Amino acid sequence: MSAHHTFDGGADQPLDRTVDRRAFLARTAAVGAVAGIAAALPAPASAAGGSGQDRPGLDVPAAYAKPRPAAMSDPTELTLAEAAWMIRNRQISPLELADAYLARIDAFEATYQAFNTVLADAAREAAKAAGRRPRRGPLHGIPLAIKDNYYTQGVPTTANSFLFKDFVPAFDATAVAALKAAGAIVLGKTQMGPLATTRATTPAGVITTVNAWTPTDPGVNPGGSSTGTATAVAGRMAAAGTGTQTGGSITAPSNAQNLTGLKPTMGRVSLYGIIPLSYTRDHPGPLSRDAKDAAIMLTAMAGEDPADPRTQGLPKVPALIDAATPVYGGGRLRLRWNTRIGVLPGYADGSSETAAARRAFLSAMAAIRGVTLVEVPFPEEWELLTGNEFNNVRLPERSEPFMPYLRSDLRGFGVSLIGWLQGALMGTNEYVTGQRAKLLLLERVLDQMFGSCDVVVQTSPAPFDAIGLPEIGFPIGFTAAGQPIGTILGGLPYAEDRLLSVVATYQAVSDWHWRRPADPPADRLRATPDRGRITAEEAAEQAQ
């Protein structure tokens with residue numbers, strides 16, 4: 001087995017990085033070993049925050065995009081990079097941008113139900129202050145939506161749960177603090193699956209948030225558990241937002257709502273100040289409109305944090321914004337780095353609309369200079385190692401920080417109770433065996449899958465969540481009924497730049513990411529009386 005994998009440089013400057021597979025395996029094992037003693041809820045003390053020394057600069061030329069003419073008539077149509085260009089060039093003020101988003105929230109939130117809390121007054125005051133301060137970079141004055149499991153100082157942070165219904169943190173999560181330090185404005189906290197499990201519902205399981213593309217049909221899954229953030233961004237009620245992913249909760253809602261969502265490598269973004277679901281699988285990351293916006297968000301969020309050992313000792317955060325900028329040579333588009341895209345068996349087979357969109361995506365990529373499509377196998381015992389039996393070893397990590405609550409009042413868990421009980425009842429032998437199986441899966445993915453490719457298409461996000469590898473979800477088409485179709489690419493450890501470069505190049509030859517859903521019909525601008533509910537059994541089946 002090869003101990004190292006060195007990225008090729010391609011036509012641009014090389015990726016000056018060597019991934020030590022053994023080191024990543026050892027690191028993953030160490031994280032699993034300390035999961036039981038390190039997964040406590042963050043104490044309400046002073047915020048930790050990263051030093052920023054391992055984070056590249058945000059204020060780089062590539063972070064600003066001159067707006068498309070079609071976006072100039074409505075500020076909420078601008079991408080984050082376009083809005084940053086407008087603010088830098090004094091074509092719009094932070095207050096005007098915030099007011100535009102707040103106007104859409106006023107008009108459509110009753111239908112979308114994307115937010116738990118809207119901070120209209122605070123957002124306007126922050127926007128006014130941003131207008132008076134020297135500009136800090138592309139996030140200066142940009143309105144964001146924050147998932148409601150991220151601590152926000154002085155603002156309720158409920159994780160959509162009975163357990164935290166009265167919780168008001170004394171500090172910001174490290175990721176939120178970093179976004180604010182970069183000049184971003186928090187518009188509000190978004191709806192989510194109770195304790196980050198299913199699609200967004202009340203703690204009792206009543207469905208709240210709808211898919212922005214089908215606002216009159218609550219039966220269409222908007223993706224979970226970062227549902228509210230996805231709907232807020234897709235419905236143009238925020239420029240971008242934050243999510244967390246443990247079993248697909250960034251990539252799934254991004255695929256469902258025509259967004260670009262990036263789940264970074266485990267440890268790339270601090271989890272400090274985020275209500276935990278699974279210590280070895282929780283990944284904070286951005287949901288945005290395109291690869292450039294995702295790169296800007298992740299550049300601000302990523303970096304070492306002394307309060308989170310998972311973030312320490314990692315490779316330096318690469319120049320993500322440059323990576324998400326398409327490259328042209330001789331007037332022709334090319335990939336920044338020659339890249340082998342691995343295609344798994346059956347990925348584009350069949351006659352479904354999804355299969356057709358996948359084939360079109362692969363065909364578009366094959367026509368780009370620097371791309372090589374290669375067939376890659378599923379690793380040995382893939383179905384066994386990624387099946388429910390081993391996937392469920394995450395459940396004790398879910399239960400351990402919440403044992404005091406499990407011992408006192410089970411009603412506090414609402415519709416998501418079953419998963420916490422299953423975790424509390426799982427034996428140590430099962431958990432240890434599962435951790436060993438996870439390391440075996442990681443080893444086989446690195447050797448047998450990435451031995452012949454640099455990125456790989458995914459048919460499910462869950463395996464890469466379990467082993468901590470990065471992945472990105474993005475749009476590749478629509479159904480005949482007008483619902484988005486997305487796909488997912490997975491990458492090597494800390495290779496978020498490679499993923500962003502591939503998606504940015506694809507988005508330079510496609511227009512799916514420019515499409516926005518129609519506003520809800522005027523006669524539906526109110527809360528639907530009955531959107532249905534999820535039972536405890538369904539919540540357990542759908543849990544992230």
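**Close-up 1. Contacts of Ser-226 in the loop between E5 and H7**. Leaving out neighbours within four places in sequence, Ser-226 is in contact (heavy atoms within 4.5 Å) with Lys-147, Gly-243, Thr-244, Ser-249, Ile-250, Pro-253 and Leu-287. Ser-226 counts as buried, at 0% relative accessibility, where buried means under 20% relative accessible area, exposed over 50%, and partly exposed in between, with a 1.4 Å probe and protein chains only. The model is predicted, so that local features need pLDDT of at least 70 and side-chain atom pairs count only at pLDDT 80 or more, while totals for chains, interfaces and linings use all residues. Residues are numbered from 1 along each chain as its sequence is written, and side-chain values use heavy atoms, with hydrogens and water left out.

**Close-up 2. Ser-225 in the loop between E5 and H7**. Ser-225 is buried, with a relative accessible area of 1%. Not counting residues up to four places away in sequence, Ser-225 touches Lys-147, Gln-191, Met-192, Gly-193, Ala-196, Thr-197, Thr-198, Ser-249 and Gln-544.

**Close-up 3. The kinked helix H4 and its cover**. Helix H4 spans residues 94–112 and has a kink of about 45 degrees centred on Asp-106, the bend at a residue being the angle between axes fitted to the seven residues ending there and the seven starting there. Helices (H or I, at least four residues) and strands (E, at least two) are DSSP runs, numbered from the N terminus. Among the buried residues of H4 are Leu-97, Tyr-101, Arg-104, Phe-108 and Glu-109, and what covers the buried residues of H4 includes helix H3 (80–88), strand E3 (115–118), helix H5 (120–132), strand E4 (143–147), strand E5 (185–190) and helix H7 (227–234). H4 is followed by Gln-113, whose phi is positive, near 50 degrees.

**Close-up 4. Buried residues of helix H16 and a nonpolar surface patch that includes Leu-425**. In helix H16 (residues 417–425), the buried residues are Leu-417, Gly-419, Trp-420 and Gly-423. These residues lie on the same side of H16 because they cover an arc of only 170 degrees around the axis, taken from the directions from the helix axis to the C-beta atoms. Their cover includes helix H14 (395–399) and helix H15 (403–408). Leu-425, also found in helix H16, is exposed, with a relative accessible area of 73%. Leu-410, Leu-421 and Leu-425 form a nonpolar patch on the surface, with about 280 Å² of accessible area together; such a patch joins nonpolar side chains (Val, Leu, Ile, Met, Phe, Trp, Tyr) within 5 Å, like charges being joined within 9 Å, from residues with over 30% relative accessible area and no salt bridge. A salt bridge is a side-chain nitrogen of Lys or Arg within 4 Å of a carboxyl oxygen of Asp or Glu, and accessible areas come from the Shrake-Rupley method with a 1.4 Å probe, only the protein chains shown counting as cover for residues.
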